[in-house]
Amino acid sequence: MQRVLWCFSAAFLLVGVNGLPPCDSEIYCNGNILSAVQTSRLFDDDKYFVDMKLKAPPDVVLLAYRNFSKEMFYGRVPPTKLQEFVNLYFDKPGTEFEPWTPPDWHDKPKFLGRIADQNLRLWAEEIHNLWKSLGRKISTDVNDHPELYSQIYIPYPFVVPGGRFREIYYWDSYWIINGLLLSEMTDTAYGMIQNLLGLVNRYGFVPNGGRIYYERRSQPPFLTLMVDSYYQATKDKNFLRKALPVLEQEYNFWMQNRSVAVSEHILNRYHVEISMPRPESYTDDLELTEELSNDEKNQLLMELKAGAESGWDFSSRWYIDGDGNNIGTLSETRTSQFLPSDLNALMCLNEKTLASFHMILDDFESAARFNLAVDRRLAAIESVLWDAERGAWFDYNLMTHSKHFEFYPSNLAPVWAECYSKPAMGEKAVQYLKASGALQFPNGVPTSLRQSGQQWDYPNAWPPLQHMLISGLSKIQSAEAQELAFDLAQRWIRTNWLAYVKYEAMFEKYDVNGDGKPGGGGEYEVQLGFGWTNGVALQLLDQYGSSLTSGSHQVLHRLCSHHAPCQR
């Protein structure tokens, strides 16, 4: 297939990651069919079309469309005729999978016995059951005929988030894998990690998700921590030895392609240099950029992709208005102009973990190299991101050369990563959190205190952020921090539990207000399933299971109906 370097108009400049071209599919990533289908709004969700399978080779479909559109008035295909074309040449999403039930799934993993509250124990058993419905195996036809699919072939079965997210996702997989390991599904966890390591071998980094339209952006780099979780569960040194060079390859990608110098320090950021609409959110991007000049359009499209790479797509956290503040709108997204506190805390933890891997394998020279990287990272974080007066770590704005002092749970990410030099800094962070106003909500800590309409803002609370915050607080030795960690775990578990009782579903995000309800806002309807929510809930139930309570008795029998008779 001939590569299309310009499409739609000269307004969209295609630039690759690290010198690589962007996805070149004239159906799934750019071209006239994509433009026509998405702008005609044949489907409620733009992602639906780009997940469909071709019934014929791309060249055949492209030629058929050219001939088809020539017959139309000025080449404009009416939506009804376009729908007929799509029905003729495309299969619905999901046909790329074959039936699969995880063979390592079994009843009654040991962690269930550590949960004292009977409601919560039965609920945890139902969450454990959900791994079977979220398991996927890609058909070998995707490997044999990749041109017919947007799905990237990966050989091992895996667990998906759920809903519209039909493929493997990068940072979601960390919490999914931790949940699988608690469920004693070691083989499934191993396969997921091997898939991600394979993607690094193929691309030099892990793409955002398992679709070709995600090939040129990543997500928060949690692969090293996934390998650590697996190693801690299995102590498999041979696995670690084989994985380590690949983890270093990914680390080098982030240091070479996602780093910025500030004074004498090097810190990381999200940055994607492809200025074309996201295929899976095509009409959203077109509408947002339609009034902009070509240069402004190109810049915003790159920044939106960087926002997607951050995992926080989207949030007022990434806005920079004309005054340098984040009180703007989505069109003022400038993700690449921030040095995020949580990304740099994660990179610090990765460096510490890579050093420990080398120590385990008796490579002391390499361990020393990564320990030096940790020292440099700590100095950079404390020089650029730490604010001693406020007692937290804040994103650094490269445009204004200043910190952004809005509240986000990510402001405490170095506590989770244990990347700070003095114990007093952790205690200061506890006081910062208590004074922030973020603890006043019954159902968890909001993603921000700003109600922008975006999903990574108030009033939504997200499982990974809750877990990182609770985990971080639990590592601080003071009774105050320990009590706060438990209190937040209790709030989050009860929120998840109440919503499950009400809706019989686990959701990707929750509202911090009310009596257990899913979150909302953003580009799509709230999704259920849900991979990382399940993983976080199981981890908290394991950590605090002897003390957590559902606070409810009247709903017990609904859950009992799925199991053996319950005892009061």
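## Cavities

Ala, Val, Leu, Ile, Met, Phe, Trp, Tyr, Cys and Pro count here as nonpolar, Asp, Glu, Lys and Arg as charged, and the others, Gly among them, as polar. By that scheme, the lining of the largest cavity divides into 11 nonpolar, 5 polar and 8 charged residues. Keep in mind as you look around that this is a predicted model.

Rolling a probe the size of a water molecule over the atoms shows where empty space is left. In this structure there are 5 cavities of 30 Å³ or more. The largest cavity has a volume of about 280 Å³ and is lined by 24 residues. To find its centre, look for Phe165, Tyr169, Gln219, Asp313 and Tyr524, the lining residues that lie nearest to it.

## A cis bond beside the cavity, and a second one

Asp313, one of the residues nearest the centre of the largest cavity, is also where the backbone does something worth a look. The peptide bond from Asp313 to Phe314 is cis, with omega near 10°. Phe314 sits in the loop between α12 (294–310) and β8 (338–339).

Another cis peptide bond runs from Tyr458 to Pro459, with omega near 10°. Pro459 belongs to the loop between α16 (423–435) and β13 (460–461).

## The second largest pocket

Turning to open space, the second largest pocket has a volume of about 350 Å³. Its lining holds 17 residues, and Tyr174, Asn178, Asp228, Ser229 and Gln232 lie nearest the centre. Five elements are worth displaying together: α7 (172–182), α9 (223–234), α13 (341–360), α15 (413–417) and α17 (463–474) each give two or more residues to this lining. The biggest share comes from α9, with 5 residues.

What kinds of residue line the second largest pocket? They divide into 7 nonpolar, 6 polar and 4 charged.

## Helix α7, wrapped by its neighbours

Helix α7 deserves a closer look. Is it enclosed by the rest of the structure or open? Its 11 residues out of 11 are buried, so α7 is largely enclosed by the rest of the structure. The buried set includes Asp172, Ser173, Tyr174, Trp175 and Asn178; of these, Tyr174 and Asn178 also lie among the residues nearest the centre of the second largest pocket.

The cover over the buried residues of α7 includes α5 (118–134), β5, α8 (186–203), α9, α17 and α19 (531–544). Following α7 comes Glu184, with a positive phi near 60°.

## The nonpolar core

The largest nonpolar core takes in 179 residues, and Phe49, Phe90, Trp123, Phe222 and Leu223 have the most contacts inside it. Helix α18 (residues 479–503) gives the most to this core, with 11 residues. Apart from it lies another core of 6 residues, including Leu300, Leu301, Leu304 and Leu330.

Phe49 is a good place to start exploring the largest core. Beyond residues up to four places away in sequence, Phe49 touches Ile27, Tyr28, Ile33, Leu34, Val37, Gln38, Phe43, Val86 and Phe90.

## Ser150, a buried polar side chain

Ser150 is found in the loop between α6 (140–144) and β5 (158–159). With a relative accessible area of 1%, well under the 20% cut-off, Ser150 is buried. Its side chain makes a polar contact of 2.9 Å with the side chain of Arg211.

Which residues is Ser150 in contact with, leaving aside neighbours within four places in sequence? They are Tyr28, Val50, Asp51, Gly210, Arg211, Ile212 and Tyr213. Tyr28 appears in the list for Phe49 too.

## Positive phi and more accessible residues

Most residues other than glycine have a negative phi, and most peptide bonds are trans. Arg41, in the loop between α1 (32–39) and α2 (46–50), has a positive phi near 55°. Lys108, in the loop between β3 (97–98) and α5, also has a positive phi near 55°. Arg41 is partly exposed, with a relative accessible area of 46%, whereas Lys108 counts as exposed at 54%, because the exposed class begins over 50%.

Lys81, in helix α4 (residues 79–89), is partly exposed at 36% relative accessibility. Leaving aside neighbours within four places in sequence, Lys81 is in contact with Phe68 and Met72. Lys81 and Arg390 are 309 residues apart in sequence and 60 Å apart in space, C-alpha to C-alpha.

Notes. Residues numbered from 1 in each chain as written. Predicted model: local features only at pLDDT ≥ 70, side-chain atom pairs only at ≥ 80, totals over all residues. Heavy atoms only, no water. Helix = DSSP H or I, 4+ residues; strand = E, 2+ residues; numbered from the N terminus. Buried < 20%, exposed > 50% of the residue type's maximum accessible area, 1.4 Å probe, protein only. Polar contact = N/O pair within 3.5 Å; in protein donor to acceptor, adjacent residues only side chain to side chain. Contact = heavy atoms within 4.5 Å. Core = buried A, V, L, I, M, F, W, Y, C linked by side-chain atoms within 4.5 Å. 1 Å grid on protein atoms, 1.4 Å probe; cavity = no way out; pocket = protein on both sides within 12 Å on 5 of 7 lines; lining within 4 Å. Points joined across faces, edges and corners; volume = space filled by probe spheres on them.
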